[in-house]
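Student: I have a model open and would like to go through it piece by piece. Can you take my questions as they come?
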Amino acid sequence: MDSIVLAPSHAVIAGSGLGNKADAASIAGGVLETMMTTGAGKISTIVLASIVALFLLDQFFTAKVDPQEPPLLKPRFPLIGHLVGMMLGQQSYFQKLHKRNSPPIYTLPVLNGKIYIATSPPLIQSALRGKDLSFDPFVVDFAQKLLGLDEATMAIIRDESKGTTTNADMTKAIHGGLSGGNLLRTNRAVLEDVAAQLNAFPLGNDGLEIPDFWIWLRNLLSAATTKALYGKKANPFDTIPTMFDDLWQFDTHTPTLMISPFPWLTHPKTLQARARLQAAVVDWYTAGNDKDPDIAAIAAYRAETLRRHGFSARQIGQIEISLALVSMQNAIPTLLWLVLNVYQRPGWVERIRLEILDTLQEAKPVNGMRQVQIYVSSLEEKAPFLLACYKEAVRIGNAQLGTRRVMQDTYISDGKGNRYLVKKGIDMLMPCGVMHRLDNVWESDTDSFNPNNFLSPEQKGLDPQTQSEREKLRKASYIPFGGGKHYCPGRKFAMYEIMALMATLVVGFHVSPLGGGEEIQMLEMMGVRFGEAVAKPKRNGEGCPVRLKRKEGWEAVRWRFVC
Ligand code: HEM
């Protein structure tokens, strides 16, 4: 079986495919002979001989492709060209290939295996909906390495003897835990803590000097999220002062941790951070806190599922640091890109402020302070420009690599009569970084932040009829949250918490650069690596010091979010 597993972030190679050996050997022999007789020096002979050897190996080992499969896209440098390109460029390598006019779906030969890459909206939608393509194998593959799980734990994860698997039941628990009333309750709990933190903000004219806006935003939402997940009584993230730093240290190095053959040598600090996180979370489950009715439904359902499958509290704690990670690692950087991009344009801040003002309601004063309510679930409808900015922050920051393994030979189709055979055991990648930069889909200069991408034709003064094809294409190309069975269950959760926090900032607070001037510093994005979805700021966000103070007329206000 030809198989390359590359996502979230590692490669497993198996199988082989033989090319036309006789032709290759004679061409290579000719090249070598020419080289030797022209008197080239020893070093250049060795280099050339290596290239010829690679050329030969390429002919021998490049995977075979059935004519019905997606066409083969050969690397410019034989055999290892794509592998090196992916290692160096990570997700951006697919954008590079796309700029070379790659077909809408192609087969990428990597060593002696292959992967499929889809970059056409209808083909991606077909793949995400397809029952024969699955994300599950990756969860199992990466759990062990990422979380450092022992064989006994992995044996339960791999167990299929009960007619179901841990993974299948966890998917149900996750989606149930983050839908309907459970979603609203968890959002309410997060925002209650966000409000408490903002309400504790200094009342004076100087406000607060924040040396590092990224770290401030990160800590604000991390504290609120963990409180909502684990409840107020016994939050494991309150036990050790380094817990948030540990979580983000772990998050930053997850992509390399998964591929490092000797993580104890290459990532000792990350392993120590992971160990501290796991110890605190293990204690929390050992004390039975997951049965407390005050905790988030997603945490409770997942723990109940894991206990049902026979995991001990130690094993649950080790696995469940992933819940904290997944709840924050994409949402919080998205908040950063929204805030930074909007605050580059005072006109946009004002436009959002006016939208939000219309939605606010005054409630009964508390301790002599005004109490202002934000109706979170109405923001989607009542604040279209804020919503467009949020979606644009998601588009611009997200380069997740949708990943599925073909479980049995099947066809995917673009709905226009083109269909492609995809074969059992091969992985298919759907690079969001390419989809979110397609020239024919998005407003021009696809690297720029442009909320027009998500305003309706009517809101932009355009004729909806002439725009309908493009609108459809935009919907199909926008895949920041994946799709199908594993469509991110936290997408609404993230949207509400981010929009609510942004709404409060623009109405109630004044954000200005610490060194003077009008606009706050824009931070640069790091490239998104395999295994990540949302870009983090370069240099851990250093270089964006701000002053945050309550706005005139909004000094003595207590904020309250209604979900
Ligand atoms: C802007 C923020 C977020 C982004 C961009 C994002 C992105 C993603 C992506 C790309 C996937 C994989 C989907 C697929 O392969 O089809 C995913 C899955 C998942 N996300 Fe999110 N996510 C975000 C926020 C959240 C939040 C806040 C939570 C939890 C509170 C969450 C929980 C999950 C879970 C549990 C899964 C696995 C679902 C499954 O396996 O069925 N996500 N997310």
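Tutor: We can go from the whole chain to the sheets, the hairpin and the ligand shell.

Tutor: Keep in mind that this is a predicted model.

Student: Fine. How many helices and strands are in the protein chain?

Tutor: The protein chain has 22 helices and 15 strands.

Student: What box do the C-alpha atoms fill?

Tutor: Along the principal axes, the box is roughly 90 × 55 × 50 Å.

Student: And what radius of gyration does the protein chain have, against a compact globule?

Tutor: The protein chain has 26 Å, and a compact globule with 563 residues would have a value near 24 Å, so the two agree.

Student: What share of the residues counts as buried?

Tutor: Of the 563 residues, 41% count as buried. On contacts, take the pairs of residues at least 6 apart in sequence: 76% of those contacts join residues at least 24 apart.

Student: Sheets next. What is the strand order in the open sheet with antiparallel pairing?

Tutor: That open sheet has three strands in the order 6-14-13. Strand 6 (208–210) and strand 13 (509–513) are at the edges with a single partner strand each, so each has one side without a neighbour in the sheet. From one strand to the next, the twist averages 25°.

Student: How many bridges are there between strand 6 and strand 14?

Tutor: Three bridges, in the antiparallel sense, with strand 14 covering residues 546–550. Leu-208 has Leu-548 of strand 14 as its bridge partner.

Student: Which strands make up the sheet with mixed pairing?

Tutor: This one is also an open sheet of three strands, in the order 7-8-15. Strand 7 (361–366) and strand 15 (557–562) are the edge strands, each pairing on one side only. Direction ignored, neighbouring strands here are turned by 30° against each other on average.

Student: Do strand 8 and strand 15 run parallel or antiparallel?

Tutor: Parallel, with six bridges joining strand 8 (residues 369–375) to strand 15. Val-372 has Trp-559 as its bridge partner in strand 15.

Student: Which helix packs on that sheet?

Tutor: Helix 22 does, touching strand 8 and strand 15, and its direction makes about 155° with that of strand 15.

Student: Where else does helix 22 turn up?

Tutor: In the shell around the ligand, where helix 22 gives the most, with three residues. Helix 22 spans 491–508, and helix 8 (166–177), helix 15 (313–328) and helix 16 (331–342) also supply at least two residues each.

Student: How many residues surround the ligand, and which are the closest?

Tutor: There are 27, with Asn-330, Gly-482, His-486, Cys-488 and Gly-490 the closest.

Student: How do the shell residues divide into nonpolar, polar and charged?

Tutor: The shell has 14 nonpolar residues, twelve polar ones and one charged residue.

Student: Last topic, the hairpin. How many residues lie between strand 10 and strand 11?

Tutor: Five, and Gly-415 in the turn has a positive phi of about 75°. Strand 10 (residues 410–413) pairs with strand 11 over four bridges in the antiparallel sense. Opposite Tyr-411 stands Leu-421 in strand 11.

Student: Which side chains of strand 11 are buried?

Tutor: Tyr-420 and Val-422, which point to one face. Arg-419 and Leu-421 point to the other face and are not buried. In general, side chains in a regular strand alternate between the two faces of the sheet.

Methods:
Residues are numbered from 1 along each chain as its sequence is written. This is a predicted model: local features need pLDDT of at least 70, side-chain atom pairs count only at pLDDT 80 or more; totals for chains, interfaces and linings use all residues. A residue is near a molecule or strand if its C-beta atom, placed from the backbone, lies within 6 Å of it. Ala, Val, Leu, Ile, Met, Phe, Trp, Tyr, Cys and Pro count as nonpolar, Asp, Glu, Lys and Arg as charged, and the others, Gly among them, as polar. A residue is buried if 20 or more other C-beta atoms lie within 10 Å of its own, exposed if 12 or fewer, and partly exposed in between; C-beta atoms are placed from the backbone. Two strands pair if DSSP finds at least two bridges between them. Axes are lines fitted to C-alpha atoms, for helices over the stretch in contact, and angles run from 0 to 180 degrees between N-to-C directions. The radius of gyration is taken over C-alpha atoms; the globule rule is 2.2 Å times the number of residues to the power 0.38. Two residues are in contact if their C-beta atoms, placed from the backbone, lie within 7 Å.
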